[in-house]
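Here is a guided walk through one protein model, meant for a reader who is meeting it for the first time.

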Amino acid sequence: MSEIAPALSVESVSVDFGKRKRMRAVSEVSLSVAPGRTLAIVGESGSGKSTLARAMAGLLPIAGGSVTLLGEDFTKPRRAQRRDIQMVFQDPYSSLDPSSSVGSSLEEPLIVHEKMSRVDRSRRIAELLDSVGLPVDAARRFPHEFSGGQRQRIAIARAIATNPKVLLLDEAVSALDVSTQNQILVLLNDLQVQHELAYVFISHDLGVVRWLGDETAVMYMGRVVEQGPTERVHTQPAHPYTRALTSAMPIADPVGRESRKRILITGEPPNQFKPFTGCIFASRCPLATTTCTTTAPPVVPNAGGGSSRCHHIDAFPVQAGMPKHAATVALTTE
Ligand SMILES: Nc1ncnc2c1ncn2[C@@H]1O[C@H](COP(=O)(O)OP(=O)(O)OP(=O)(O)O)[C@@H](O)[C@H]1O
Ligand SMILES: [Mg+2]
């Protein structure tokens, strides 16, 4: 996706769950993110975002494909490589032990990955707290003494403790109120610029992604159906599913709201336990034809950058000057 050598890339990665009844949760995904850039991954619940992130982090075995971190194979991660890629989750309690002081939580990765004296470690802890906007005395306190936003700052401090090159942020701001979300996004942006961090930013919230993501990949049922520069994906979505997602976004301007046309997408997603041919979105797509149910869609380059997988991209010509939400489809997921 970028001309700069990627910090992290996955090539045709698949992930399966289940032994006797196999379920393909991620199917042949190829994506990359460059140093200092953000790749956003969006998609509804169960589309495989977290599974892909865990495979990228080397926390889940992959059924096929390859993962490359900083130019080196990361398909079977070596211990020394793990410090270069860290995750931040929605709930800081999953990364912060409630019975450990903040200082001990921050010290742990330093003990595991760095050869540092006790004095150097406490200096580093103070530096980390400062870099996420927390006072030094936070080290002596415990997670429950902090607000959700502050806890997320602690989780971020812990994630950057070993100077990683890549952060995987899985719904990292989703549990926070809007103003706290914004503060954390500003912090993430500052840290990214300072350390040339590559972010894989996972969210179901397209608004957040639009603010942060340089590139956006849209997942549906384990597949990336569309990817490209974030602004293009938002303003000129090509794939019918992306159109559905963008139309589900709250509209700020009243003009857009009036001209909005709702086309409800119904139908059931396919059973992921069964072998699959054709387009994964066919059963719910208003444009589906017989070809869609029998033949995997080609990767079609989009005007404005990126690509989408659809047999009918031509059915959605991008009209210059068209109001953002003039002709959209709404997705019913329930
Ligand atoms: N450990 C597991 N064992 C079996 N199936 C799993 C496991 N983890 C996830 N799945 C299944 O894999 C699919 C993808 O799940 P995943 O959690 O990656 O989705 P997601 O996009 O992160 O969803 P959400 O937005 O709800 O976090 C789902 O069908 C889920 O039920
Ligand atoms: Mg998830």
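The paragraphs below take up two sheets, the helices that lie on them, and a cavity.

The model is a predicted one, and a convenient place to begin is an open sheet of 4 strands, which has the order E2-E1-E4-E5 and antiparallel pairing. Its edge strands are E2 (23–33) and E5 (72–73), each of which pairs on one side only. Between strand E4 (residues 64–69) and E5 there are 2 bridges in the antiparallel sense, and Leu 69 is found opposite Glu 72 in E5. Across E1 (8–17), E2 and E4 lies helix H1 (residues 49–56), which runs at about 120° to E1.

The other open sheet is formed by 8 strands with mixed pairing, in the order E6-E7-E8-E3-E9-E10-E13-E12. Strands E6 (85–88) and E12 (299–301) each have a single partner strand, so one side of each is left without a neighbour in the sheet. From one strand to the next, the twist averages 20°. Helix H6 (residues 178–195) packs on this sheet, where it touches strands E3 (38–42), E7 (166–170) and E8 (198–202), and its direction makes about 155° with that of E8. Within the sheet, strands E9 (residues 215–220) and E10 (residues 223–229) run antiparallel and are joined by 6 bridges, with Tyr 220 standing opposite Arg 223 in E10. Helix H9 (residues 240–247) lies across E3, E9 and E10, at about 105° to E9.

The structure also holds 2 cavities of 30 Å³ or more, and the second largest has a volume of about 50 Å³. Its lining includes Cys 279, Cys 285, Cys 292 and Cys 310, together with His 239, His 311 and His 312; by class, the lining has 6 nonpolar, 3 polar and no charged residues.

Notes: Residues numbered from 1 in each chain as written. Chains lettered and ligands numbered in written order. Predicted model: local features only at pLDDT ≥ 70, side-chain atom pairs only at ≥ 80, totals over all residues. Heavy atoms only, no water. 1 Å grid on protein atoms, 1.4 Å probe; cavity = no way out; pocket = protein on both sides within 12 Å on 5 of 7 lines; lining within 4 Å. Points joined across faces, edges and corners; volume = space filled by probe spheres on them. Nonpolar A, V, L, I, M, F, W, Y, C, P; charged D, E, K, R; others polar. Pairing = 2+ DSSP bridges. Contact = heavy atoms within 4.5 Å. Axes fitted to C-alpha atoms, helices over the stretch in contact; angles between N-to-C directions.
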